[in-house]
2 protein chains.
Amino acid sequence: MTDTGINTSFKRNKRPQESPKEIADKLLAGDRSALSRAITFVESNKKTHQKVASEILKLCLPHSGKSLRIGITGVPGVGKSTFIEAFGCKVVKNFNKKVAVLAVDPSSQKSKGSILGDKTRMDELVTLDNVFVRPSPAGSTLGGVAQKTREAVFLCEAAGYEIILIETVGVGQSETAVKSMVDYFLLLMLAGAGDELQGIKRGIMEMADTIVITKADGGNENNAIKAKVSYQNAVHLFPPHESNWITRVLSSSSLEGRGLDRIWEEIEKYQDHIVSNGFMNENREKQSLNWFHESVKSELIGKFYDRPEVMQKIVELEKAIKENRISSFAAARELLN
Amino acid sequence: MTDTGINTSFKRNKRPQESPKEIADKLLAGDRSALSRAITFVESNKKTHQKVASEILKLCLPHSGKSLRIGITGVPGVGKSTFIEAFGCKVVKNFNKKVAVLAVDPSSQKSKGSILGDKTRMDELVTLDNVFVRPSPAGSTLGGVAQKTREAVFLCEAAGYEIILIETVGVGQSETAVKSMVDYFLLLMLAGAGDELQGIKRGIMEMADTIVITKADGGNENNAIKAKVSYQNAVHLFPPHESNWITRVLSSSSLEGRGLDRIWEEIEKYQDHIVSNGFMNENREKQSLNWFHESVKSELIGKFYDRPEVMQKIVELEKAIKENRISSFAAARELLN
């Protein structure tokens, strides 16, 4: 079996202890198994592992950044995994790129199997040499899960992956988290279903750099054409992208492999566009600073609420608030003093 | 001129110094001018004033809560001020209630004149005895502005006001802030304009307990009837309210005074509904706890970022992030240590 980065943690225990520098060196030389071990450290919540992860990241960061980061979303059932399988194989085999596939799914637990845990849906992709597939990190908060995926992106880039596909669950807030770490956002939609039925919020449609109508095959081609026209009309009414890019609606059949070349062409056009107008760098810098401040805030709040004396005081104050003895704001000030 | 609470700050300087207890006693006896002075303390950012405000609030809180808190929103031009003028007069004169009108408008500066600063639009209302009108507190952050308005609500209640109308600007996030402090949320809409044209987000329509089509007068009655039907159909598709209340679409003419009795009837039905099923108390308790935790978080973050050594370190770390020398997360951890 090719090592795709899944279920490798049991191997790590058998290896002689590696230093962060050794892991980073192998990773930078393109060793997929070292990449996988590095991500395992990033995903761990153990203090000692986090220290190793920090050192590996520090060594890898200067070599990161040389990829196109692509977010892929769509409601369950739209065919995300089959699209990634078909599109990923195309990009590796026809366009000769190294492809990494990651995921952000705060609802998943590794033990329960996350959206990418079901490797059988990516039969061919996971066997290719220039491919790295990693399921969503486990975690209860979206911010934590997304942060780990974001650091995995840097590691994949340092290991030479040129196209990073980040899958999201498509049912809630994870789209926004993924949007905040990618250069390009692809929304998959089904033909013959109103957007209410698909559960996709208008805000998510507005984020999309390209919309792809999936499953344009079998007897479904006419529906796909109609859906293309109607979404293209809707897209015209959306506010313009900061990148000055114009969203187009395309269609594809993962089953028959149709439309995938056209999507790749669109992505290359997009990349040229944002590299030449400076948006790519600007946007990445803005994303990094946002992530920094969001991390500061969430860590600060987390640390504060973790203190036992704070928790005890909160219980008292909540009681006083419920009994109308203190206003919420006064209680907050009292807690902080 | 009747003292409506506007422009009274110059009077305060001429008064002999009052203690918080004296202000609270007068306020609790229904003295409108004392209420106005108390709110001025609440709105002040001066440390000494905040201390006075805390003491007044503490004395008033046990007497607060006995009102129906109503949020009113709608895009600029929908006729919020004329609606409040007509509806407020009706409630005071026909239904014999004491009415307070507050506002949340983070964009306003008192000096520039806020949405309720323009008293000429509420000509009659401001002259009535059982009415208290107060423009939006000044402030740059929505959270800060909303917090002050929320505390003003408690003071108005302690002074005996039974209906609190809280106006929002209707162009952004302030609706959510107002929703989080009211029992009932009223959305005003224009006939003959698609909801895209009105700039009202679907999320705001979903929050509404009642939708009122305004300006159903002149040649506009037919449009209003059509709009009623179409909004009523849209409302059916929304997720149910936590209160189990069913949103109805009504119409009104502030100019001709039509539809206002029906709206009042709807509000009374609503109040009976949420009092009898327990939602009113539950919801207020939940709101208070939310406000408490939101205040804790924003104060905590504010205090942290205010420290000069933190600001200096942030400048350094932002530079390192831009130069790819450190990841956002590692930088956040470094800042917090």
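I began with the bridge partner of Ile72(A) in β5(A) and found it to be Leu186(A), keeping in mind that I am reading a predicted model. Looking up the strands around this pair, I noted that strand β1 of chain A, residues 68-73, is joined to β5(A) by four bridges and that the two run parallel.

I then turned to the pairing of β5(A) with strand β6 of chain A, residues 210-214, which is also in the parallel sense and extends over five bridges. Within that pairing I located Leu190(A), which stands opposite Thr214(A) of β6(A).

Next I checked burial along β5(A), residues 184-190, and because seven of its seven residues are buried, I recorded the strand as largely enclosed by the rest of the structure. I went through the two faces separately: Tyr184(A), Leu186(A), Leu188(A) and Leu190(A) are buried on one side, and Phe185(A), Leu187(A) and Met189(A) are buried on the other, which leaves both faces covered.

For the domains of chain A, I took the bounds from the assignment, which gives domain 1 as 64-277 and domain 2 as 286-336. Their contact draws five residues from domain 1 of chain A and six residues from domain 2 of chain A. On the domain 1 side of this contact I listed one nonpolar, three polar and one charged residues.

Last, I compared the chains, and chain A can be laid on chain B with an RMSD of 0.0 Å by a turn of 180° and a shift of 0.0 Å along the axis. I entered this as the relation of a two-fold axis. Since 100% of the interface residues of chain A are also interface residues in chain B, I noted that the copies meet through the same surface.

Methods: Residues are numbered from 1 along each chain as its sequence is written. Chains are lettered from A and ligands numbered from 1 in the order in which they are written. This is a predicted model: local features need pLDDT of at least 70, side-chain atom pairs count only at pLDDT 80 or more; totals for chains, interfaces and linings use all residues. A residue is buried if 20 or more other C-beta atoms lie within 10 Å of its own, exposed if 12 or fewer, and partly exposed in between; C-beta atoms are placed from the backbone. Two strands pair if DSSP finds at least two bridges between them. Domain bounds come from an automatic or database domain assignment. Two residues are in contact if their C-beta atoms, placed from the backbone, lie within 7 Å. Ala, Val, Leu, Ile, Met, Phe, Trp, Tyr, Cys and Pro count as nonpolar, Asp, Glu, Lys and Arg as charged, and the others, Gly among them, as polar. Copies are superposed by least squares on the C-alpha atoms of residues with pLDDT of at least 70 in both.
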